[in-house]
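Colleague: Please show me the model, and then let us examine how its terms are justified.

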Amino acid sequence: MPLHVPRLRLHDTAGAATSPLPHGDGELSVFGCAPLPDTAPHIGHLTQFVGTDVLRRTLHWLGTPTRFLLAVPDIAAPAPAPTPTGGVPWAATAQAGAVRSRTEQNSAALHADLLAVGVLPPEQRPTSTSVGPVIDLVRSLEQAGFTYRLATGVYFDTGRLSEFEVFGDPGPELRALRAGAEPDPRRRHPDDFALWHLEDWRDLHAKRWASPWGPGRPGWHVGCSAVAATLGPTVGVHVGSESQRHHHHLAEIAQSEAVLPRGTRWVGHWMHHALLPTDSGALSRYRGAPSLASLRRSGFHPLAFRLLLLRSHYRARPSFTVEALSRAQGTLVRLAALARSARLPAPPGWAEARERTGEGPAAELLRRFTEALTDDLDTATALAVLEEALHEPHRDPGGFVASAADQVLGLQLSTADALVPTPG
Ligand SMILES: [Zn+2]
């Protein structure tokens, strides 16, 4: 009798309900937006990608390949105001070169940090957003009647939509913040957002491209929809953080669905990760958040940070303190020692693990591990099962549950180098 592979049930923020992902029919596309590369990455940026990584690893384990595309919004990143260039195009100046190289450095640092915390590289990654597809998308929106022009740019007309707030009421504070991000008061509706800026409304932005509407630059949101279209007209799972939900992602939905056949949902499941709080309050994208490098300098292994995140559900804010990170590092070191002395086998996929564990206590551990992850990625319970399997090896005689669990949770217990770094 063929094994019945369990399905992963994931919470969808747009429907506020948990439902099975459509796996089993080939690969599932996953789309995420990287942070703006105008600042160096910090651990708050890494949080959402660890959750996304567990999603992908769980799907791979259950036999569904993913195609993950991480959009790097480099054309929307702020650049300093240009100094007079004496007729030389700004893009050709040394100042523009410095901005480009800083953007590239920040992007490279993000990808290095993601690898260090055990995030599998995206299957599909554009090195940068190009402006051509952005202009094409804005033209399509214009032809479909979803835009209007003001002296400052081309705007998306949210009044043309039957529904804009698909994630529920953001509350007055967020709504005001969102409206304030677009400073042109002549917009028809406070939710309308720029698709193309004709004027340099922030001194910080100085990059310009030629366009059918005149020289300018793309709006903040439109690049993501243009890049996501390379995955196909629709996306299986769109991942992101709660801070992107009521603004950036609503804009993405509006502009992506406007060019799809009426009534088509652009995204199957919206997976929003809670922000990482710190001792001094919620972590903002701007300042004061520690980098992974600074945690390393304090003697912490990047995978200890991963383990700390796994202790919380991705939709609940994890408790991030130095004490919690120290405890996570202690657990990581203990589990790694157990995994290494157990000489775990190569990680089996779900079907192989199910076969190898038979009907004994290992089957029970496997069942609990599978149920936890397929129930909206309950990583805390899944991690507890991994700890049980390693602490009580007689319940997992072949080590198949521990090996599979280590692979799916991405802790690399048997293989990670320098699991205990020397404090520097
Ligand atoms: Zn985006």
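**The zinc site and its surroundings**

Modeller: In this predicted model, the site of the zinc ion is tetrahedral, with angles of 86 to 127° among its four donor atoms. Local features need pLDDT of at least 70, side-chain atom pairs count only at pLDDT 80 or more, and totals for chains, interfaces and linings use all residues. Residues are numbered from 1 along each chain as its sequence is written, and side-chain values use heavy atoms, with hydrogens and water left out.

Colleague: Why is the site of the zinc ion called tetrahedral?

Modeller: Four donors count as tetrahedral if all angles lie between 85 and 135 degrees; the angles here are 86 to 127°, so the site is tetrahedral.

Colleague: What makes an atom a donor of the zinc ion?

Modeller: A donor is an N, O or S atom within 2.8 Å of the metal (3.2 Å for Na, K and Ca); water is not among the atoms, so sites may look incomplete. Cys33 (SG), Cys224 (SG), His248 (NE2) and Glu252 (OE) coordinate the zinc ion at 1.9 to 2.3 Å, and therefore qualify. Along the chain, the donors follow the spacing C-x190-C-x23-H-x3-E. Cysteine 33 in strand E3 (residues 28-33) and histidine 248 in helix H6 (residues 242-257) are 215 residues apart, a pair that links distant parts of the chain. Helices (H or I, at least four residues) and strands (E, at least two) are DSSP runs, numbered from the N terminus.

Colleague: How do you know whether cysteine 33 is buried or exposed?

Modeller: Buried means under 20% relative accessible area, exposed over 50%, partly exposed in between (1.4 Å probe, protein chains only). Cysteine 33 has 1%, so cysteine 33 is buried. Histidine 248, with 5%, is therefore buried.

Conventions: Four donors count as tetrahedral if all angles lie between 85 and 135 degrees; four count as square planar and six as octahedral if opposite donors are over 155 degrees apart and all others between 65 and 115; anything else is irregular.
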